[in-house]
Amino acid sequence: MGMFDSLKEKLNIFKKKAAEEIEEEEKEAAKKAQAEPKPQKPVPKEVKPVKVEKPAIAPPTPTKPVTEPITKGVQKPPKPVEVKKVTKVKVDDSRSDKFTDGLFGWKLKPEKIEELLGDLEIILLESDVALPVVDAIKAAVKEDLKDKKIKFGADTAAVVDASLRLAVKRVLSTEKRINLDEYIETHEKPISIMFVGVNGTGKTTTIAKVCYRYLQKGKSVVIAAADTFRAGAIEQLEIHAERLGVKLIKHQAGSDPAAVAYDAIEHARARHRDLVLIDTAGRMQTNTNLMDEMKKIKRVVNPNLIIFIGDSLAGNDATNQANEFEKAVRIDGAILSKIDADAKGGAALSVAKAVGKPILFVGVGQEYKDLIPFSSTWLVERLFGKSASDKGSE
């Protein structure tokens, strides 16, 4: 299956079922509205006519003829008002055709909303979405639908779709946002980035993709092979560095990883390089020695950024891994690899919300160029397609 295919299929089934149930609710609400008696206008009381006597009118007093034009006390005509051209403000009306504040609308019953949320919870849990994230999505959908008046005759499938889109965007939004391209342009060089994650997540390949991205933007890059516990990791980076034409700083297997990272930064500083990408060991996040090693590297080189690399196919495990590295070294963001093969989408929905740090990039293939910036809009479009408002804003 392709990217998010399993989750998309389940969400489409949910939207169809929810739309049908909401239509039944609408029919009941319409019948109830028609059955309610209309308020009667009050009948005015009979008013007896009152006889009014006319007052005596005195004869008019003769006045002198006017020989001069009267100017005193007469206002001059106002100056014409200058009409300025008003620029129209573009309003997002993507939801205005579904909800209303007026009389011609109806509200979903609270128990119906809870029933729909129960179905949604099962779908999300089956797709490896972390439980706290499931609860956050449900809360966002409930907040959007409760006490809202749905227009009579509105497209009920569109109502469900709009609420789900809004909920996913809210869940993916984080207080801390990083545009890595802008960060690299605006900060003092060399900029050091430390990459953390467990073995098998595509960490080494992802580092090579990041290197390629910034070489294409005209930046000079140095790679530090600080995963000294695995000789294969050093060999992999050697191959990538040779293909990309960049300098690789390495020591012998088993040497101090912090020393490798330090030497790489000093090399970059002496030769006025822009970026230092630091690979690190990737044993399981529950390994105490591994976490102590990460802390030491951070303490010695004080990198500008620490980025977690997670495997999208790992689902909830990716979220747990990110949480452990966040506790140990305080990550600044995440990159999800292999997302093109992720049919469930759980990691993409969970990591940012669970850790509170933004997803910067996603890996969508095996080539160096297959690394693209991540955004909530990108994910929503992959799950639900482009909305009318998205198409109009292009």
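In this predicted model, aspartate 119 pairs with lysine 17 in a salt bridge, with 3.3 Å between the closest N and O atoms. Aspartate 119 belongs to helix H2 (residues 110–126) and lysine 17 to helix H1 (residues 5–35), so this pair ties together parts that lie 102 residues apart in sequence. Both partners retain some access to the surroundings: aspartate 119 is partly exposed, at a relative accessible area of 22%, and lysine 17 is likewise partly exposed, at 40%. The pair is one of 25 salt bridges counted in the model. As a reminder of the underlying chemistry, oppositely charged side chains can pair when their charged atoms come close.

A salt bridge within a single helix is found at arginine 165 and aspartate 161, whose side chains meet at 2.6 Å, N to O. These two residues are four positions apart in helix H4 (residues 156–172), and about one helical turn separates them. Burial is the next point to note for this pair. Arginine 165 has a relative accessibility of 10% and counts as buried; aspartate 161, at 15%, counts as buried too, because the cut-off for that class is under 20% relative accessible area. Nor does the pair stand alone, since Lys15 joins Asp161 and Arg165 in a network of salt bridges.

Another link between separate parts of the chain involves lysine 219 and glutamate 185, which form a salt bridge with their closest N and O atoms 3.0 Å apart. Here lysine 219 sits in the loop between helix H6 (203–216) and strand S5 (221–225), while glutamate 185 is part of helix H5 (residues 180–186), so the contact ties together parts separated by 34 residues in sequence. Although lysine 219 is placed in a loop, this residue counts as buried, with a relative accessibility of 16%.

Turning from charged pairs to nonpolar packing, the largest nonpolar core comprises 75 residues, and Phe325 and Leu379 are those with the most contacts inside it. The surroundings of leucine 379 can be followed residue by residue: setting aside residues up to four places away in sequence, leucine 379 touches Phe4, Leu172, Ala348, Leu349 and Phe374. One of these neighbours, Leu172, is also the last residue in the range of helix H4 (residues 156–172), the helix that carries arginine 165 and aspartate 161. A second core, separate from the largest one, contains 31 residues, among them Phe195, Val221, Val246 and Ile307.

Terms used. Residues numbered from 1 in each chain as written. Predicted model: local features only at pLDDT ≥ 70, side-chain atom pairs only at ≥ 80, totals over all residues. Heavy atoms only, no water. Salt bridge = Lys/Arg side-chain N within 4 Å of Asp/Glu carboxyl O. Buried < 20%, exposed > 50% of the residue type's maximum accessible area, 1.4 Å probe, protein only. Core = buried A, V, L, I, M, F, W, Y, C linked by side-chain atoms within 4.5 Å. Contact = heavy atoms within 4.5 Å.
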